[in-house]
Amino acid sequence: MPDLVSQSETSSAEPLLEVGELRKYFPIRRGFFKRIVGHVKAVDNVDLYVREGETLGLVGESGCGKTTTGRCILRAIEPTSGQILFRDPTLGRVDISQLDKEQVRLVRHNIRMIFQDPYASLNPRMTLLDIVGAPLRAMGIAHGKELEERVAEMLQLVGLRPEYMRRYPHAFSGGQRQRIGLAHALAPYPKFVVCDEPVSALDVSVQAQILNLLKDLQEQMGLTYLFVAHDLSVVAHISDRVAVMYVGKIVELASTAELFSSPKHPYTEALMSAIPIPDPRPREKRILLTGEVANPANPPSGCYFHPRCTYAKDICKVEEPQFEEAAPGHYVKCHFGRELDLTGAVRVSL
């Protein structure tokens with residue numbers, strides 16, 4: 001596993017989660033006998049870490065492998081290979097990818113997930129008491145009167161009234177449903193939460209409420225987030241560091257301020273240019289990428305981004321770049337990451 005923790009980091013900043021060389025390949029089957037003829041490389045050699053108490057944003061275009069990475073970390077789907085090291089308060093430092101089912105169940109007390117769609121993620125036949133209390137019952141944390149008290153506490157914590165616990169999801173708005181999803185995820189008092197685009201299905205005004213609630217809960221409960229999103233303005237608001245993903249690979253990783261002010265990868269620069277700015281004055285020219293996103297089942301040689309990159313040279317077509325530290329704490333997967341002078345998004349509020 002590459003050492004992604006900068007030499008300047010102190011011992012107090014020990015990672016809570018470390019992911020090394022993580023891969024998830026989905027087989028392509030064809031013919032009458034469904035023989036495997038290839039693989040879709042949804043997650044391809046991903047390395048990242050998340051320190052305790054911070055929020056790491058994971059961004060990229062739809063289909064780049066962000067959600068698959070989050071689900072592999074939770075073992076909601078089985079990774080093909082790689083390490084997922086987690087400092088569990090009970091089990092100690094464990095490799096989640098190697099745990100058996102019973103151990104995974106124990107780890108999920110401390111690793112939870114907030115889902116993207118507040119309508120599809122809630123069972124319409126269950127009351128809020130059943131939904132929020134489900135993980136507490138499954139893990140043997142609370143039952144009976146104690147369970148109701150814990151559910152009432154969680155509903156209050158996310159901004160809902162305790163007397164709502166006998167109601168069903170159809171009685172609530174989209175923003176309220178997402179609050180229910182938050183209560184469900186946080187009921188066991190986890191240490192680490194994968195937020196899978198938790199505000200993308202909500203109105204902008206409601207998005208701000210949920211983001212502020214997530215930040216407040218992080219402070220109150222000592223939470224650590226992996227925040228998956230495709231909206232860079234949202235990521236800038238909530239993240240301490242940001243990892244940029246392209247076709248299953250992390251191509252850039254840096255602190256939020258550093259990434260937005262001084263991107264090192266051309267793909268990051270293109271994403272920055274697409275951020276809508278509420279300013280009537282002329283803005284920088286939008287970078288329009290040509291060509292199609294690389295096919296994860298048949299990626300191009302060399303750098304996956306080279307067919308769409310305006311800075312590409314001959315070496316980019318034949319040699320894959322290494323994930324290297326271009327500046328203190330700023331990693332980039334580009335042959336010319338140290339040389340390019342790219343435009344950031346300094347007007348985004350951080």
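**Entry 1: Arg75**

I began with Arg75 in this predicted model and asked whether this residue is buried or exposed. At 12% relative accessibility Arg75 counts as buried, because the cut-off for that word is under 20% relative accessible area. I then looked up where along the chain Arg75 sits, and found Arg75 in the loop that lies between α1 (66-74) and β4 (81-88). I also noted its backbone: Arg75 has a positive phi of about 60°, although Arg75 is not a glycine.

**Entry 2: Glu197**

I next turned to another residue with a positive phi that is not glycine, namely Glu197, whose phi is near 45°. Glu197 belongs to the loop between β7 (192-196) and α6. With a relative accessible area of 8%, Glu197 is buried.

**Entry 3: the sheet**

In what order do the strands of the open sheet lie? I read the order as β2-β1-β4-β5, four strands with antiparallel pairing. The edges are formed by β2 (35-51) and β5 (92-95), each of which pairs on one side only. On average, and with direction ignored, neighbouring strands of this sheet are turned by 20° against each other. I reminded myself that strands of a sheet pair through backbone hydrogen bonds, either parallel or antiparallel.

I then followed one pairing in detail: strand β1 (residues 15-30) and β2 run antiparallel and are joined by 13 bridges. As an example of a partner I looked up Pro27, and its bridge partner in β2 is His39. I also checked what α1 does here, and α1 packs on the sheet, where α1 touches β1, β2 and β4, while its direction makes about 110° with that of β1.

**Entry 4: helices α5 and α6**

How do α5 and α6 lie with respect to each other? The axes of helix α5 (residues 174-186) and helix α6 (residues 204-221) come within 10 Å and cross at roughly 20°. Angles under 35 degrees count as roughly parallel, and α5 and α6 are therefore roughly parallel to each other. I recorded the crossing of α5 and α6 as right-handed.

Which residues meet in this contact? From α5 I listed Gly175, Gln178, Arg179, Leu182 and Leu186, and these meet Val206, Gln209, Ile210, Leu213, Leu214, Leu217 and Met221 in α6. By kind, the residues of the contact of α5 with α6 divide into eight nonpolar, three polar and one charged.

Notes
Residues are numbered from 1 along each chain as its sequence is written. This is a predicted model: local features need pLDDT of at least 70, side-chain atom pairs count only at pLDDT 80 or more; totals for chains, interfaces and linings use all residues. Side-chain values use heavy atoms; hydrogens and water are left out. Axes are lines fitted to C-alpha atoms, for helices over the stretch in contact, and angles run from 0 to 180 degrees between N-to-C directions. Helices (H or I, at least four residues) and strands (E, at least two) are DSSP runs, numbered from the N terminus. Angles under 35 degrees count as roughly parallel, over 145 as roughly antiparallel, 65 to 115 as roughly perpendicular and the rest as oblique. A crossing is left-handed if the near helix is turned anticlockwise from the far one by less than a right angle, and right-handed if clockwise. Contact means heavy atoms within 4.5 Å. Ala, Val, Leu, Ile, Met, Phe, Trp, Tyr, Cys and Pro count as nonpolar, Asp, Glu, Lys and Arg as charged, and the others, Gly among them, as polar. Buried means under 20% relative accessible area, exposed over 50%, partly exposed in between (1.4 Å probe, protein chains only). Two strands pair if DSSP finds at least two bridges between them.
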